[in-house]
Amino acid sequence: MSMKKTAALLLSGMTLVIAGSAFARADNAAAERVAADRLLVTWQAKDPVDVYLSDRMDGDIASAKLISAKDDNGRAEFMTDGIARPYVLLRDSRDRSVVRVAERVLHLEQGSNFRDLGGYGAADGKTIRWGMIYRAGGSAMLTAADLAQVQSLGLRNLVDLRSDEERVLAPTKIDGVPYSAVGYSMSALAAGMGKTPQNGANLYRNFPAMLAPQLRIIFGMLKRQEGPLEYNCSAGQDRTGFVTAMILSSLGVPRETILRDYALSTRYRQPKYEMPRIDTTVYANNPVAMMFARFQDDPKAAMPQPLQEADGRPFLTGAFEEIDAKYGSVDAYLEKEAGVSKVDIAALRRTYLE
């Protein structure tokens, strides 16, 4: 893929567009929060559409609330009636086909980059089910209202991709959910590289080996249908971005879509809510804490930065290049390092696509 084409794909990915199934009349459906209690849904369709609201990811027309009948203007804005996680069903008035859509991002008071992987076009013209797989940044500063919203997701597993030091500095506030993590030291990682790790494609080349144990855990949960699940690092963009790329790849999501999802972190990160303020007098002898304290004092770090090299190449391509060079393909990598066989991939697609 050329640099120019890659940059164009990233730019186009800044809009939230969710494709419906190959058989759905309502296409390019998207949901976006326009106020705390109001949701805007847009779509394209040749025929009028009946708009329904549900509070369940698996809700059907029979149990949903009719919001707008035979709507032909391609947009509907309505109150969410206090529903923590609204799901919208768009039913074509002629052929009765249904498209399900939800918000891509959870709008938390003090959360960062908490997103649903649902709705992306995947293998065999299907889409990823909403409300089953979530990616996020750190959750050490969530408010009571945030925790209530997260609780409403019905999470059955949480996998923390962060280092030992990060998990001590900013422990998650999400309680009551089975929690998994693989211990590793950021200090040791930095020492192995001979310096403080700098973000970029070269850093991402380490992820296929470094995060293989975490992938084995996550894919094990997915294969056993132990979702909904959430996984996170601190910013929800780098380690989380790599894991997301592997999940989306396994479900047959095109590389261009994966890169668009990856780029959304620049839009949805909230760095000030990813880790509590570090007291340098308390952590003076902790090099990782001091590193994060420097980030907190850096005005540039307070704003999400584009995840690409100066030439526009996404950092994530470094991980893909490493996988292609060493394993030949993502499928081969997942089979060898995460225990995901071709049979497993077929089963995952049956479970998580609709």
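Hi everyone, this is a short walk through the helices, the cores and a few backbone details of one structure.

A word on the ground rules first. This is a predicted model, in which local features need pLDDT of at least 70 and side-chain atom pairs count only at pLDDT 80 or more, while totals for chains, interfaces and linings use all residues. Residues are numbered from 1 along each chain as its sequence is written, and side-chain values use heavy atoms, with hydrogens and water left out.

Let's start with helix packing. Two packed helices are described by the angle between their axes and the distance between the axes. Helix 7, residues 212-223, and helix 13, residues 330-337, have axes that come within 9 Å and cross at roughly 85°. That makes helix 7 roughly perpendicular to helix 13. On the terms: helices (H or I, at least four residues) and strands (E, at least two) are DSSP runs, numbered from the N terminus. The axes are lines fitted to C-alpha atoms, for helices over the stretch in contact, with angles running from 0 to 180 degrees between N-to-C directions. Under 35 degrees counts as roughly parallel, over 145 as roughly antiparallel, 65 to 115 as roughly perpendicular, and the rest as oblique.

Which residues of helix 7 and helix 13 meet? From helix 7 we have Ala212, Leu215, Arg216 and Phe219, and from helix 13 Tyr333, Leu334, Lys336 and Glu337. By class, this contact of helix 7 with helix 13 has five nonpolar, no polar and three charged residues. Here Ala, Val, Leu, Ile, Met, Phe, Trp, Tyr, Cys and Pro count as nonpolar, Asp, Glu, Lys and Arg as charged, and the others, Gly among them, as polar.

Phe219 takes us to the interior. The largest nonpolar core has 54 residues, and the members that touch the most others are Phe219, Tyr231, Phe242, Met246 and Ile247. Such a core is a set of buried Ala, Val, Leu, Ile, Met, Phe, Trp, Tyr and Cys residues joined through side-chain atoms within 4.5 Å. Buried means under 20% relative accessible area, exposed over 50%, and partly exposed in between, with a 1.4 Å probe and protein chains only. Tyr231 is worth clicking on: leaving aside neighbours within four places in sequence, its contacts (heavy atoms within 4.5 Å) include Leu117, Tyr134, Val159, Ile218, Val243 and Ile247. Apart from that core lies another, of 29 residues, among them Leu39, Leu53, Trp130 and Ala136.

Now helix 8, residues 239-250. Its 12 residues reach 17 Å from first C-alpha to last, close to the 16 Å expected at 1.5 Å a residue; the expected span is 1.5 Å times one less than the number of residues. Is helix 8 enclosed or open? Because 12 of its 12 residues are buried, helix 8 is largely enclosed by the rest of the structure. Phe242, Met246 and Ile247 are among those buried residues. Just after helix 8, Gly252 takes a positive phi of about 80°.

Helix 12, residues 316-327, also agrees with its expected span: 16 Å for 12 residues, against 17 Å between its end C-alpha atoms. Its buried residues are Leu316, Thr317, Gly318, Ala319, Phe320, Ile323 and Tyr327, and what covers them includes helix 8 and helix 13. Lys326 is also found in helix 12, but at 56% relative accessibility Lys326 counts as exposed. Gly328, just after helix 12, takes a positive phi of about 95°.

On to the backbone. Most residues other than glycine have a negative phi, and most peptide bonds are trans. Where is the cis peptide bond that we can look at here? It joins Gly227 and Pro228, with omega about 5°, and Pro228 sits in the loop between helix 7 and strand 12. Lys70, not a glycine, has a positive phi of about 45°; Lys70 lies in strand 4 and counts as exposed at 61% relative accessibility. Asp81 has a positive phi of about 55°, lies in the loop between strand 5 and strand 6, and counts as partly exposed at 48%.

One last stop: Ile278, in the loop between helix 10 and helix 11. At 9% relative accessibility, Ile278 counts as buried. Setting aside residues up to four places away in sequence, Ile278 touches Leu169, Tyr283, Ala289, Phe292, Ala293 and Gln296.

Thanks for listening!
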